[in-house]
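These are my notebook entries on one protein chain. I record what I looked up, in the order in which I looked.

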Amino acid sequence: MFDRPGRFYRGNLHTHTTESDGSLSPQAVCQFYKDEGYDFLSITDHFLERFDYPLTDASPFDTPGFVTIRGAELHTDRMSAGELWHILANGLPADFAPPPEGETGPQLAQRAVEAGAFVSVAHPAWYSLTQSDIEALGPDLHAIETVNITSWDYNDRVESWHIYDVMLSQGHRYFCLATDDAHFHKGRFDFGLAWVWVKAASLDPEALLAALKAGDYYNSMGPRIHALEVRDEEVYVRCSPAERVMLTGHGSRAVYVNGRGIREATLSLERFAESAYVRVIVRDHHGRRAWSNPIWVDTL
Ligand SMILES: [Zn+2]
Ligand SMILES: [Zn+2]
C-alpha cells in the first residue's frame, strides 16, 4: 500500500455518543476529532433495543477534510463467557435491521459483512473471549480489535495481542485494529489515543472502507510508518523517530533494531521461514507504538 497512489488518512473506528451510552452528542464528538486533526470518524453506538437501535448518521457534520462512516457496535446473545457479543461494524447501510429473535453472533457478523461493512470482533481481552468465540465468527471477519482504549479504566485489558498472535500462528488471516472506543464520560480518558492510518485514493467513506477491507492501513498510538517494503529477504521500514523497530511472528520469533531517534530500519526475514506471518512494531521513546497489519510470508 505504501507504493500505491493516494495518501494516509487518520481515523477512529469505535466511538459512542448520546445516541447510546456516550456522554457527548454526535456533533460534539465530531468536533473533538476534527480539532484533534483526524480525517475521519465512525460513530458506532450500541445497536440495542434500549437505545432504539441507533445507526447514528453524523454526515451533517462532515466538512471539507473530515468525513464520517456510519457504523454500530452490534450485540446479540451470547459468547462463551456468558455475555453479549460485541461486534464492531463500520460502513453499515441506514436500513440495517435489528437482529431478529434468535440471531446468533456469527449470523449477525455475517449479515454485517454482507451489508458491506468492515467487521471486527471488539475487545477480546476485556471480555475474556476465547479462540473458539472468534473462530465461530468465521473467515469473513475482517479484524480483531487488538487495542481498545476504554477498557483501560474498566479492567486494564487494553490489548489483545496474545490471542491475535496465537490465531495468526495457526493460519488465521485477520487484520488488527486499534481504537479509542470513546465514551467521553467525566473523569475518563478514552479519546484521541489509538487510531488507524488508512491509505486510500481519496477521503470518502467508500474509498476508506475498500482500503480497510484490503488491509491498507496501520494502527498507531503515536508513531508514523512512512514506508514498509519487503526487499528480497528483508523488511525495510521508514518511520517517525523511534527507539525500537521490531518484526514479530510465530512463537517468540523476533528481530529488532534499537537506538535513539531511529528513522529507518532493515530487518532480516531469515528467522521467519517457518512463520505464517510477520508484523512490524515501531516504538518511540515515550513507549507509544505503531503496529502494521501482518505480512503473510507465503505471499512474498
Ligand atoms: Zn464493546
Ligand atoms: Zn464500544
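**Entry 1: Strand 8 and its partner**

I began with a single pair: Glu145 stands opposite Leu177 in strand 8. I note at the outset that the model is a predicted one.

I then looked up the strands to which this pair belongs. Strand 7, residues 143-148, runs parallel to strand 8, and 5 bridges join the two.

Next I asked how many residues of strand 8 are buried. The count is 5 of the 5 residues, so strand 8 is largely enclosed by the rest of the structure. I listed the residues by face: Phe175, Leu177 and Thr179 lie on one side, Cys176 and Ala178 lie on the other, and all are buried. Both faces of strand 8 are therefore covered, as follows from the cut-off that a residue is buried if 20 or more other C-beta atoms lie within 10 Å of its own.

**Entry 2: The loop after strand 8**

I followed the chain into the loop between strand 8 and strand 9 (195-200), where Asp181 is found. The phi of Asp181 is near 50°, which is a positive value in a residue other than glycine. I wrote down the general background: most residues other than glycine have a negative phi.

Is Asp181 buried or exposed? I found 28 other C-beta atoms within 10 Å of Asp181, and it is buried.

**Entry 3: A second positive phi**

I looked up another residue with a positive phi. Tyr53 has a phi of about 45° although it is not a glycine. Its place is in the loop between strand 3 (46-47) and strand 4 (67-74).

I checked the surroundings of Tyr53 as I had for Asp181. Tyr53 has 17 C-beta neighbours inside 10 Å and counts as partly exposed. The cut-offs explain this label, because a residue is buried at 20 or more such neighbours and exposed at 12 or fewer.

**Entry 4: Strand 4**

The loop of Tyr53 leads to strand 4, which I examined next. In strand 4, 8 of the 8 residues are buried, so this strand is largely enclosed by the rest of the structure. One side holds Val67, Ile69, Gly71 and Glu73, and the other holds Thr68, Arg70, Ala72 and Leu74. I noted that the buried residues of strand 4 include the charged Glu73 and Arg70.

Which strands pair with strand 4, and in which sense? I recorded the following pairings.

- Strand 2 (residues 40-43) pairs with strand 4 in the parallel sense over 4 bridges. Ser42 has Ile69 of strand 4 as its bridge partner.
- Strand 3 also runs parallel to strand 4, and 2 bridges join them. Phe47 has Leu74 of strand 4 as its bridge partner.
- Strand 5 (residues 87-90) pairs with strand 4 in the antiparallel sense over 4 bridges. Gly71 has Asn90 of strand 5 as its bridge partner.

**Entry 5: Helix 5**

I turned to a helix. Which residues of helix 5 (residues 205-213) are buried? They are Leu208, Leu209, Ala211 and Leu212. Seen down the axis of helix 5, these buried residues fall within an arc of 160°, so they line one face of the helix. The general rule helped me here: an α-helix has 3.6 residues a turn, so residues three or four places apart point the same way.

Just after helix 5, I found that Gly215 takes a positive phi of about 75°.

**Entry 6: The two domains**

I looked up how the chain is divided, and found domain 1 (7-217) and domain 2 (225-299). Their C-alpha centres lie 26 Å apart. The contact takes 9 residues from domain 1 and 8 residues from domain 2.

On the side of domain 1 that touches domain 2, helix 4 (161-169) and strand 8 (175-179) each supply at least two residues. The largest share of that side, 3 residues, comes from strand 8. The residues of that side divide into 5 nonpolar, 3 polar and 1 charged.

**Entry 7: The chain as a whole**

Finally, I took down the totals. The secondary structure of the chain comes to 5 helices and 16 strands. Its radius of gyration is 19 Å, close to the 19 Å that the globule rule gives for 300 residues, so the chain is as compact as a globular protein of that length. The C-alpha trace spans about 55 × 40 × 35 Å along its principal axes.

Buried residues make up 47% of the 300 residues. Among contacts with a separation of 6 or more, 62% are between residues 24 or more positions apart.

Note on methods. Residues are numbered from 1 along each chain as its sequence is written. Chains are lettered from A and ligands numbered from 1 in the order in which they are written. This is a predicted model: local features need pLDDT of at least 70, side-chain atom pairs count only at pLDDT 80 or more; totals for chains, interfaces and linings use all residues. Domain bounds come from an automatic or database domain assignment. Two residues are in contact if their C-beta atoms, placed from the backbone, lie within 7 Å. The radius of gyration is taken over C-alpha atoms; the globule rule is 2.2 Å times the number of residues to the power 0.38. The arc is that of the directions from the helix axis to the C-beta atoms. Two strands pair if DSSP finds at least two bridges between them.
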